[in-house]
Amino acid sequence: EEVLGDAGEDEIEDIIENQLVLGDQSLFCKLVPFIISKAMQRQQSLIKSVSVLTLCKFMSVSAAFCERHLRIIFSLLYQPYSRHNESMKVNLCIAIGDLVIKHPNVLDPWTPQIFDFIKSETLTTIKQEKQNKQKEEQQEG
C-alpha cells in the first residue's frame, strides 16, 4: 500500500529541495549567512569547522543550494595547507565525495578541481603527518 502516492512524494521532494534550506520562511535559510561568514573566517577555529560541515550538510539536502555554494567549498579546500586546517580539508574531501554521489550533475563541472586536489601534495602531506603522528604515539606507548 502506498501511503503518500506519487503526488505526496513529489511534494515532499519539492519541500526538501526548494524550501528546507532555500525557502524564505525556513529557519535554516536564515542561518546560511551566519554559517557562511563563520566558514570563511581566516583563522581556524571550532566554529569554523562546524560551519563548514553544516554548509556541506545543507548542500547535501538541495542540489540548487549545493550549486550556489560549491565555490565556497572549493575555495576552502584550496586554502594553503597548515596543521590547523588539516581536519577541515579531510572533512571537505569526505563531504565532496558525498556530494558527488548525491548531486553528480552539479559536481560534474568541478571534476577537474576534484582530481587536481586529489593529485596535489596536500593530501600526501596530510597522510605523511598522520603516519608520523601514529609512529610517535606508538613509540610513546
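1. Helices here are DSSP runs of H or I with at least four residues, numbered from the N terminus. Read from that end, the elements of the protein run α-α-α-α-α-α-α-α. The secondary structure thus comes to 8 helices and 0 strands.

2. The model is predicted. The mean pLDDT of the protein is 83, and 87% of the residues score at least 70. Confidence varies between elements: helix α1 (residues 5–19) has the lowest mean pLDDT, 68, while helix α6 (residues 104–107) has the highest, 95. A reader should keep the value for helix α1 in mind.

3. On the overall fold, 33% of the 141 residues count as buried. Among contacts in the protein with a separation of 6 or more, 56% are accounted for by residues 24 or more positions apart. The accessible surface comes to about 9600 Å², and carbon and sulfur atoms hold 54% of that area.

4. How many aromatic pairs are there? The count comes to 3. One of them joins F58 and F65, with 6.0 Å from centre to centre and 70° between the planes. This pair is edge-to-face, because its angle is over 60 degrees. Both F58 and F65 are buried.

5. Another aromatic pair is formed by Y78 and F117, also edge-to-face, at 5.8 Å centre to centre with 80° between the planes. Which parts of the chain does this pair link? Y78 lies in the loop between α4 (63–77) and α5 (86–102), whereas F117 belongs to helix α7 (residues 111–119). The two residues are 39 residues apart, and the pair links distant parts of the chain.

6. Is F117 buried or exposed? F117 has a relative accessibility of 3%, so this residue counts as buried. Its partner Y78 has a relative accessible area of 40% and is therefore partly exposed.

7. T125 sits in helix α8 (residues 121–140). With 24% relative accessibility, T125 counts as partly exposed, because the buried class ends at 20%. The C-alpha atoms of T125 and Y81 are separated by 8.8 Å, and the two residues are 44 residues apart along the chain.

8. Which residues make the nonpolar surface patch of about 280 Å²? L27, F28 and L31 make it. F28 is found in helix α2 (residues 27–39). At a relative accessible area of 36%, F28 is partly exposed, which means that F28 passes the cut-off of over 30% used for patch residues.

Key
Residues are numbered from 1 along each chain as its sequence is written. This is a predicted model: local features need pLDDT of at least 70, side-chain atom pairs count only at pLDDT 80 or more; totals for chains, interfaces and linings use all residues. Side-chain values use heavy atoms; hydrogens and water are left out. Rings of Phe, Tyr and Trp (its six-membered ring) pair if their centres lie within 6.5 Å; planes under 30 degrees apart count as stacked, over 60 as edge-to-face and the rest as tilted. Buried means under 20% relative accessible area, exposed over 50%, partly exposed in between (1.4 Å probe, protein chains only). Patches are made of residues with over 30% relative accessible area and no salt bridge: like charges are joined within 9 Å, nonpolar side chains (Val, Leu, Ile, Met, Phe, Trp, Tyr) within 5 Å. Accessible areas come from the Shrake-Rupley method with a 1.4 Å probe; for residues, only the protein chains shown count as cover. A salt bridge is a side-chain nitrogen of Lys or Arg within 4 Å of a carboxyl oxygen of Asp or Glu. pLDDT is the predictor's confidence in each residue, from 0 to 100. Contact means heavy atoms within 4.5 Å.
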